[in-house]
Number of protein chains: 2
Amino acid sequence: MTSLKRLQQNFARIATLNEAAAMLGWDAAAMMPPGGAQARGEQMAVLAGLSHELLTAPALAEDLAAATPPADPWAAQNLTLMREAHTRATALPRDLVEASSRASSACETIWRTARKASDFAAVRPALAEVFNLTRQSAQILGAALGLSPYDALMTQYQRGIHAADAAPIFAGYEIFLQKALPQAEEIQNRQSHETLPPGPYATEIQEALCKQLSAAAGLNFASARLDRSAHPFCGGTQTDIRITTRYDEADPLSAITGVLHETGHALYEQHLPTAWRRQPVGQAAGMATHESQSLIIEMQAVRADEFLAHLATVLAKAFNKPITAAALKRRLRHVSRSFIRVEADELTYPAHVLLRFRLEQALLSGDLAVADLPGAWNDGFHALLGITPPDDAHGCLQDIHWYDGAIGYFPSYTLGAMAAAQLFAAARKALPALGAHLAAGDLSPLTNWLAQHIHSQASRFGFNELLLAATGENLNPAAFEAHLASRYLTT
Amino acid sequence: MTSLKRLQQNFARIATLNEAAAMLGWDAAAMMPPGGAQARGEQMAVLAGLSHELLTAPALAEDLAAATPPADPWAAQNLTLMREAHTRATALPRDLVEASSRASSACETIWRTARKASDFAAVRPALAEVFNLTRQSAQILGAALGLSPYDALMTQYQRGIHAADAAPIFAGYEIFLQKALPQAEEIQNRQSHETLPPGPYATEIQEALCKQLSAAAGLNFASARLDRSAHPFCGGTQTDIRITTRYDEADPLSAITGVLHETGHALYEQHLPTAWRRQPVGQAAGMATHESQSLIIEMQAVRADEFLAHLATVLAKAFNKPITAAALKRRLRHVSRSFIRVEADELTYPAHVLLRFRLEQALLSGDLAVADLPGAWNDGFHALLGITPPDDAHGCLQDIHWYDGAIGYFPSYTLGAMAAAQLFAAARKALPALGAHLAAGDLSPLTNWLAQHIHSQASRFGFNELLLAATGENLNPAAFEAHLASRYLTT
């Protein structure tokens, strides 16, 4: 057996083990009784430990050293990604990995209490330790990968775009937003204030509708489930996708748009190429790309005028209530300055990300001390959105990221939103009847286009290369800004 | 670290990995969409392969060789069980293990079709290969463990009782049955023929009742779930038990008695000693012991006069139908000669097991050729129950056991039923108010007694030793026969 063949077998074994962990993660969120939590944590730790042992086995390192790059570009990229995964798994001293894991775990626990009490001081030492250890890891990883420390973190979530690419794009958006936000608010005040009829909206009807809309968007429920969990997500594996949501009987749109968002993630996974299943090159390209696939459904397609008209008809019939497109627009396309990222609208959301992107770089480099974070957050937030958080629970304590050791993840949200707009514009151009399809509630021409240009490409390319191949250019915020201008800045 | 300490860590790791597999097995039966089946099989294979690698690692063998038996009897028994598990995992040549696994898998697949068509000839060569390979394995395992080939198989399901112990007990039961069965039928014909009111019995009400009765029997649903699957079972792990059942709207008793049966299994797992969690000595003592715990609930307690009177009241109220204790007795304590083991009543069930116990020993030794199985089955069945199967689907093709490679498992069912009666008699003696508790629907005094005498003992003892400690004697069929005489042979 060639070293390459053996590598492919070993990486497939690791991926299969990780699939088992993914299913158990879904179960923990959607099914597990509380008494199972501790044992589940131990099961996950054993699976992660075995996965790490397989990836760092000396024989695997020898095969990586011996393998010669194949001519086939997919196979060559696969080898590149194997080497990168191996470097990431082996570059850090074991003591540092364990110290980081302990520090993140401890910090996250303290944060849960500190956030409730809005007590940043309580978690400050733990967060300082997380940044201290992450800084050391990022320096070592960066040196091993030929990247800056921050890029070494950022690229573990999304390859093919760096902080130096994102920074000017985000800065340009800041300028756009300063002008656009007051305009959008002014226009919005003059528009229809129509609201949805009061509830209750029965959970069973919501659930049936969510499943129907998800299936209509192309999700194959012979290889997927829809269940409930406290925090909606898309989990499972390529042939066994597990979407979750939560239902609010006062508001059906939260579950419906949530499920359509997760359906975007799910379709990406379902359409990955089977030929490279369980190989590094056969995985989704990264978190920003993944987010582009959920947001192109949730934000671009579903919130488009054409689809909202269709959705109003569907909802009115299902709930037997007078639900109009105007009410859906008011509810789903409403701009407001708010403190909490996860509740933000699509126009102001990038400001939340931009702030975190700048702060986490400054914290990582040491330019900003952890003790100065609350002040820097509040000043930065006011500069971006003109309002100041009333307390740290509405400021620097709101997100689990950082406190759980996830640094370099935040940019993915906005890179994904911008890519979604760019891809949607390209799809509109390639599919002249797209508007009519959306008006008929048919998302399949769009998702088929995505399957061809994004999903089936898996990890063949990094972020910008993938956009270049699909749309003719690297990430360009113009499409996103044009989308927002068209949706929020016209009367 | 001592070799014993290291062994305990390694066995805990293996057990944790096996817990992950148990959860995925539950998911496959209760949740998984059909598209996930192939990947799930691969995930299970990787987990089983890693578990086997950990158990057969050279370093573990060195620790086993180096460890000196500790003074503490639990720790000493734990080491004994570690060595036995290691011997079972390493005694067989890899080629033979793989050939057996392939042969069983192929045979099971052919059997599924052959059973539907009642075509024994179609599966005969595959079954002959299964017995051929199992014979080789049993000889090697028996030599390694100091057991006969059949006992080497039988003890992998239940330690502490051998074929030579079971054979005279089963033969005695045959004599008992020849006299008891016609008597029971004659008496039964003279008794009330009252039937349950016609359905439908709403699934939702059945499910709520099942959960209520299971909780009342002591199952802690903070560490358990009740779900649906095609074939009811009790899966999951000690702190996260997963019971399943299926509902028939024409007949609520199938789900209710089924869930109470699984609750017996579940309570055993929930009450295993936490001090020996994930160690071999901390596991349930075997399949016969496990079956005794489900049957003592389902057959001894729930079908007792006192509990049935309570159950009739509960059911009548829940379904708002005139359900009487007499109808429950007629439905749940009805004797009949039938061909299918899983549908048999408690009086005739041992005959089904006895036949299989004799035949599988003859097949394994080679005294009976696989080609002669259908004839031997039908002759044996007629000798035991006086009726002859109309075809092999109602005869030697009915059970998956044998065709999936499980040989030596069948005795567990009847050993369990007999042990259940023996334990119930001991509990009646120890708990004078047990009848009153059952009449009030309170199973907890019984299950607390079981927790103390059986569950908390885990694998400290083998089957007969455990019964000896709990009841004062080894397995003695007298209690079972007395129970049956009292229930079926009195007017």
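The place of B:P200 is the loop that runs between α8 (163-190) and α9 (203-216) of chain B, where helices (H or I, at least four residues) and strands (E, at least two) are DSSP runs, numbered from the N terminus. The peptide bond leading from B:G199 into B:P200 is cis, with omega near 5°. Chain A has a cis peptide bond too, joining A:G199 and A:P200 with omega about 0°, and A:P200 is found in the loop between α8 (163-190) and α9 (203-216) of chain A.

A word on conventions before going further. This is a predicted model, in which local features need pLDDT of at least 70 and side-chain atom pairs count only at pLDDT 80 or more, while totals for chains, interfaces and linings use all residues. Residues are numbered from 1 along each chain as its sequence is written, chains are lettered from A and ligands numbered from 1 in the order in which they are written, and side-chain values use heavy atoms, with hydrogens and water left out.

**How the copies relate**

Laying chain B on chain A takes a turn of 180° and a shift of 0.0 Å along the axis, and gives an RMSD of 0.0 Å; the superposition is by least squares on the C-alpha atoms of residues with pLDDT of at least 70 in both. The two copies are thus related as by a two-fold rotation axis. The same surface serves both copies, since 100% of the contact residues of chain B recur in chain A; contact means heavy atoms within 4.5 Å.

**Backbone oddities**

Two residues other than glycine have a positive phi, and their settings make a nice pair to look at. A:N320 has phi near 55° and lies in the loop between α12 (305-319) and α13 (325-332) of chain A. A:N320 is exposed, with a relative accessible area of 70%. B:A458 has a phi of about 45° and is found in the loop between α18 (444-453) and α19 (463-471) of chain B. B:A458 counts as buried, at 0% relative accessibility. The classes are buried under 20% relative accessible area, exposed over 50%, and partly exposed in between (1.4 Å probe, protein chains only).

**Nonpolar cores**

A nonpolar core is a set of buried Ala, Val, Leu, Ile, Met, Phe, Trp, Tyr and Cys residues joined through side-chain atoms within 4.5 Å. The largest holds 135 residues, and B:L347, B:L373, B:W402 and B:Y403 touch the most other members. Helix α16 (residues 411-430) of chain B supplies the largest share of this core, eleven residues. For a closer view of one member, B:L373 touches B:F120, B:L127, B:L359, B:L363, B:L368, B:C396 and B:W402, not counting residues up to four places away in sequence. Another core, of 134 residues, lies apart from it, and includes A:F221, A:L354, A:A406 and A:A458.

**Cavities**

The whole structure has six cavities of 30 Å³ or more. On a 1 Å grid over the protein atoms alone, a cavity is a set of points where a 1.4 Å probe fits but cannot get out, and lining residues have an atom within 4 Å of a point. Grid points are joined across faces, edges and corners, and a volume is the space filled by probe spheres set on the points. The largest cavity has about 40 Å³ of space. Its lining is formed by A:T289, A:S292, A:A419, A:L423, A:I454, A:F463, A:L466 and A:L467. Two or more of these residues come from each of α11 (287-301), α16 (411-430) and α19 (463-471) of chain A, with α19(A) giving the most, three residues. By type, the lining divides into six nonpolar, two polar and no charged (Ala, Val, Leu, Ile, Met, Phe, Trp, Tyr, Cys and Pro count as nonpolar, Asp, Glu, Lys and Arg as charged, and the others, Gly among them, as polar).

**Three residues side by side**

| Residue | Element | Relative accessible area |
|---|---|---|
| A:R228 | strand β1 (residues 224-228) of chain A | 40%, partly exposed |
| B:R228 | strand β1 (residues 224-228) of chain B | 41%, partly exposed |
| A:S412 | helix α16 of chain A | 5%, buried |

Leaving aside neighbours within four places in sequence, B:R228 is in contact with B:A29, B:A30, B:T203, B:E207, B:T244, B:T245 and B:Y247. B:R228 and B:A30 are 198 residues apart in sequence and 5.9 Å apart in space, C-alpha to C-alpha. With the same neighbours left aside, A:S412 is in contact with A:Y157, A:Q158, A:M287, A:A288 and A:E291.

Key:
On a 1 Å grid over the protein atoms alone, a cavity is a set of points where a 1.4 Å probe fits but cannot get out, and a pocket is an open set with protein on both sides within 12 Å along at least five of seven lines; lining residues have an atom within 4 Å of a point.
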